[in-house]
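Trainee: I'm new to this one and a bit lost. Could you pick one charged side chain, look at it closely, and then walk me outward from there?

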Amino acid sequence: MKKRKVVLASLLASVMAASALAGCSPSTKSAEEGTKAQGEAGGEAGSSEGSLVFAQDEFSSKFSPFFAETVPDQDVVNFVTAPLLPIDRSGAIIYKGIEGETKEYNGKEYTYKGISDLAVTENADGTVYYDFTLKDGVKFSDGKPLTADDVIFSMYVYADPTYDGSASFYSVPIQGMEEYRKGMEPLFKLILAAGEDNKDFSKWTEEQQTKFWADYKKAAEAFVKEIEDSLISSGSNKEGDSVAAFAANYGYEGLKEDATAMDFFNAMVAKYNGSVTDMSSAESAGTPFTELMESYKDYAVGVETGNSAPNISGIQKTGDNTVRVITTKVDAQAIYQLAMAISPLHYYGDPAQYDYANNKFGFPKGDLSSVRAKTTQPLGAGAYVFEKYENGVVSMKANENYYLGAPKTKSLKVNYVAQPDRVNAVLTGTADVTNPSYTNEIADAIKKANSNGEISGDKIYTSSVDALGYGYIGINAHNVSVNNEPGSEASKNLRRAFATIFSVYRDLAVSSYYGDRASVINYPITNTSWAAPQPTDDGYQIAFSKDAKGEPIYTSGMSDEDKYAAAKKAALGFLEAAGYTVADGKITAAPAGAKMEYEVIIPGSGTGDHPSFMILTEAQKALAEIGMKLSINDISNSADLWNKLQAKQAEMWCAAWQATPDPDMFQIYYSDIANGGANPGGSNYQYQIEDADLDTMILQARESTDQEYRKTMYKACLDKIIDWSCEVPIYQRKEVTIFSAQRLQVDTITPDISPFYKWYAEVENLQLAK
């Protein structure tokens, strides 16, 4: 089974987490279970020695602000670094961090501070100025000052042509960015593209090429071996199976019976258009491909392939503590990308190689070796100082130079504890704070531990917030269509039939699975977003609550049974409108390109353990009564679902989306249909919506920073998505952070924790019990 890490898809995700550590003072006062024993998780990390202990998932030990990929690694980065711009509890950027901005949240006022002020100027020619002024006296944890040079150095690392971390700062339309990045390619990419039989050694030596391919093949075999081991471990395959058999169970059917590990590897690379890094991110069963290469760093350097600009003209040093960034157009995403963690030039780079006036930015262009060398030993201006990573425990100490004041708790440890053991870890003293999966069992265990029978009491204090994401049922527009016309009204009516039946059982299923720990949503967007429509908004509607004639399906005072009957009747009407033959209250024949049976995949571990499982079983019965067969495929290996989605083979499925502070919809719904789908959003393949009007609205919403305008545009986008009936919004669940009420001073815990403002946002104030 694939070991899918929780990967940061862009700098935006890390900014959301890192910004929380900028902290504030109130003016009024994703994960895998492991196998280590709880005793191992505690031991030296126990709070009895005066340390605050945070229980997390396993580390990948990439504790670099530039290269962290997993949530546990990024959490360590968040403790150690400070962002250029913080965000508040609602996910909004703080522009005036030096003196602080006071904002209301949940009926209280809070003042947020950061290391800079930002002034944004939209110019008549379409360009935008982002003028940063740094707070005087801010220091890194080693006592060195944080200046404009550190900001510029950090930006140039993210912009380097050989940068291969998860951030996408280089995608911001900064003036001169494209000119700077062109004319250079990583040696890895060039040798790979040239092939093993290349005879042109003008840009690298024959010895380099020979070494590369030997290392590449060895790493490829190791990559495949990890996949095979995971498939054996999950029971999908057994020892001695052919490579083709392993590949088939990993979503790569059709390999010849005598296929080799390289054949399997090459098939995976081909699926991702030749991008080894993209393939590795999606298909790795544990270790990224580049980490399996013994000499990858030797090939991560840049090679000149043409002319390029010596600098990025839109990144300008305007003073010792001031920086201007110029974008060529308004881009709503730019502000979040610019809110990066600032890293010290003197530590990650080389001051001798920094001369702004002469286009030297702390490292040779195309050579990030000095930055990569510090991947496991981070240093920044955050609340804590990284000391060591040993025996699965990250140890940190308070940063006495922290610009918001040295943390009250002088020692912090972050260590691995398996999900099922986390509540017990807090109760037994091996952890002080953690984020357990908020299941019924966990909720019951917390209530049982507290003498008051509540989720917050004398043993455990619990903070519950809406998760930054939502659950849904997806429908592929191409695979569930009439006459191979996914955008036709007939095809939409076919999908509306399923969506209507799914929707009517949402209340029943969500309440049964989550109780009061989740709520039903009516638009495909997380309730945590400022763009989410509210019931009091004009035009707000219950999802899929109108029939084929546009009339309301439900009336006030209807019983649940009456609603189920009405939904079934409406679904039959949609199927008839889609072209199905109807007789005696049932469909008897399908129109061209449509079927009488469809499959829905749900990753319920083969046991129905999923919030939407009850929806499917009830829908299956209802649809059968009108002649449509719904086949429920409850899979034990969730990788099977992702493989089918990537291959565009899934018809319907159950899953959940993760969200970011900005509600930009490009990634999921943008199709670029006007250009034949040449550059769609990275996840568009799932629904395969192809709508030029939707594309236009998504781009228009990106090209404005007016939140009210953008909210109006996104409401129109959401209505269009509902019209396509490719996504049925199901639930908004809650997630929790639990604290030891015995070993911590509860009144020093960050107040009003939110999806954007984590428990560690004001970690400098958190104190152990006396």
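Mentor: Sure, let's start with glutamate 283, which counts as buried at 0% relative accessibility. Here "buried" means under 20% relative accessible area, "exposed" means over 50%, and "partly exposed" is what lies in between, using a 1.4 Å probe and counting protein chains only. Before we go on, this is a predicted model, so local features need pLDDT of at least 70 and side-chain atom pairs count only at pLDDT 80 or more, while totals for chains, interfaces and linings use all residues. Residues are numbered from 1 along each chain as its sequence is written, and side-chain values use heavy atoms, leaving out hydrogens and water.

Now, what does glutamate 283 pair with? Its side chain meets that of lysine 271 in a salt bridge, 4.0 Å from N to O. Lysine 271 sits in helix α9 (residues 261-271) and glutamate 283 in helix α10 (residues 276-283), so this pair ties together parts that are 12 residues apart in sequence. Unlike its buried partner, lysine 271 is partly exposed, at 27% relative accessibility. As for the terms, a salt bridge is a side-chain nitrogen of Lys or Arg within 4 Å of a carboxyl oxygen of Asp or Glu. The general idea is that side chains of opposite charge can pair when their charged atoms come close. The helices (H or I, at least four residues) and strands (E, at least two) are DSSP runs, numbered from the N terminus.

That bridge has company: a search of the whole structure turns up 34 salt bridges. One of the others joins the side chains of lysine 238 and aspartate 241, at 3.3 Å from N to O. In that pair lysine 238 is exposed, with a relative accessible area of 56%, while aspartate 241 is partly exposed at 22%.

Another joins glutamate 618 and lysine 621, whose closest N and O atoms are 3.2 Å apart. Both of these residues are partly exposed: glutamate 618 has a relative accessible area of 22%, and lysine 621 comes in at 48%. They are 3 residues apart in helix α21 (residues 613-625), so about one helical turn separates them. Elsewhere, salt bridges that share partners link Glu489, Lys492, Arg496 and Asp723 into one network.

Follow the chain on from α21 and you get to isoleucine 626, in the loop between α21 and β23 (629-634). Isoleucine 626 is buried, with a relative accessible area of 4%. Its C-alpha is 8.5 Å from that of alanine 571, although the two are 55 residues apart in sequence.

Next stop is helix α20 (residues 560-577), which gives 3 residues, the largest share, to a negative patch. The patch is on the surface and is made of Asp507, Asp560, Glu561 and Asp562. A patch takes residues with over 30% relative accessible area and no salt bridge, joining like charges within 9 Å and nonpolar side chains (Val, Leu, Ile, Met, Phe, Trp, Tyr) within 5 Å. Aspartate 560 belongs to α20 and is partly exposed, at 47%. Alanine 567 lies in that helix too, but is buried at 0%. The C-alpha atoms of alanine 567 and lysine 546 are 9.3 Å apart, with their positions 21 residues apart along the chain.

For a helix tucked away along its length, try α4 (residues 148-159): 12 of its 12 residues are buried, so the rest of the structure largely encloses it. Among them are Asp149, Asp150, Phe153 and Tyr156. Helix α4 reaches 17 Å from first C-alpha to last, close to the 16 Å expected at 1.5 Å a residue. That expected span is 1.5 Å times one less than the number of residues.

Finally, two loops are worth a look for their backbone angles. Serine 61 has a positive phi, near 60°, without being a glycine. You'll find serine 61 in the loop between β2 (51-56) and α3 (71-80), partly exposed at 24%. Asparagine 484 isn't a glycine either, yet has a positive phi of about 55°. Its loop runs between β18 (469-475) and α18 (489-504), and asparagine 484 is exposed, with a relative accessible area of 64%.

Conventions: Areas by Shrake-Rupley, 256 points an atom, 1.4 Å probe, with all protein chains shown as cover. Lys, Arg positive; Asp, Glu negative; His and termini not counted. Charge placed at Lys NZ, Arg CZ, Asp CG, Glu CD.
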